[in-house]
Amino acid sequence: MPADRNSTKRRRDLIFTIENYGAIMVSKCSFCKAHSRVCKVHISSGKCSECWKQGSKCDVAVTRNEFSRLVSEKKKLEAQMLEARKEQDAAFEALRVARAKEERLSKQLAQNEKRAGEVIAVESAALMELEEDPVQPAWPAGPAELSTSVWSAMNDLPPEFWDNSVTLPS
Ligand SMILES: [Zn+2]
Ligand SMILES: [Zn+2]
């Protein structure tokens, strides 16, 4: 009878599919429990694959809470996976921010060092000028009171110093 053979083939295909896509039940149906079979059911199949093979009624439906357990576990795992992805995104963002911060601080440090160099150069020049300035009050009042060491120090001054001092207010 072709119709029956077709039905048998379809049933075999269904069993094959349930075995591939189905979940192993912790609480087996009566048949699988009695015959120590692996009770595999797909949420849509109604019967376990073993009961489809035997053509017997399957009471796995009474363990329907197992489906909801599987579904809630699936949802929980998906939520955890989403959480793990968010954590990765946050970690990457934190890394990006930290790198940008380091780069900014590095530039600021370079500017700070450059500025310190400028300040040192300006202040050094200013102090040298102060120490070399003969009109400072700390200096002796007239040439007659200058010690030989001061005279010799003045001799060491560059010629342009004297040119500048001419224009200075007394
Ligand atoms: Zn079963
Ligand atoms: Zn069964």
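The zinc ion (ligand 2) and the zinc ion (ligand 1) are 3.0 Å apart, and Cys-29 coordinates both. The link joins distant parts of the chain: Cys-29 sits in the loop between strand S1 (23-24) and helix H2 (30-34), and Cys-51 in helix H3 (residues 49-54), 22 residues apart. Helices (H or I, at least four residues) and strands (E, at least two) are DSSP runs, numbered from the N terminus. The model is predicted: local features need pLDDT of at least 70, side-chain atom pairs count only at pLDDT 80 or more, and totals for chains, interfaces and linings use all residues. Residues are numbered from 1 along each chain as its sequence is written, chains are lettered from A and ligands numbered from 1 in the order written, and side-chain values use heavy atoms, without hydrogens or water.

Donors are N, O and S atoms within 2.8 Å of the metal (3.2 Å for Na, K and Ca); water is not among the atoms, so sites may look incomplete. For the zinc ion (ligand 2), the protein donors are the SG atoms of Cys-29, Cys-48, Cys-51 and Cys-58, at 2.2 to 2.4 Å. Their spacing in sequence is C-x18-C-x2-C-x6-C. The site is tetrahedral, with angles of 100 to 115 degrees among the four donor atoms. Four donors earn that term if all angles lie between 85 and 135 degrees.

The zinc ion (ligand 1) is held by the SG atoms of Cys-29, Cys-32, Cys-39 and Cys-48, again as protein donors 2.2 to 2.4 Å away. These residues follow the pattern C-x2-C-x6-C-x8-C along the chain. The arrangement is tetrahedral because the four donor atoms subtend angles of 102 to 115 degrees. Ideal angles for four tetrahedral donors are 109.5 degrees.

Several donor residues are buried (under 20% relative accessible area, with exposed over 50% and partly exposed in between; 1.4 Å probe, protein chains only). The bridging Cys-29 is buried at 1% relative accessibility. Cys-39 also has a relative accessible area of 1%. Cys-32 is buried at 0%. Cys-48 is buried at 0%, and so is Cys-51 at 0%.

The count of disulfides is zero, where a disulfide is a pair of cysteine sulfur atoms within 2.5 Å. Lys-47 lies over the face of Trp-52, 4.7 Å from the ring centre. The rule places a charge over a ring if NZ of Lys or CZ of Arg is within 6 Å of the ring centre and within 35 degrees of the ring normal.

How values were computed: Four donors count as tetrahedral if all angles lie between 85 and 135 degrees; four count as square planar and six as octahedral if opposite donors are over 155 degrees apart and all others between 65 and 115; anything else is irregular.
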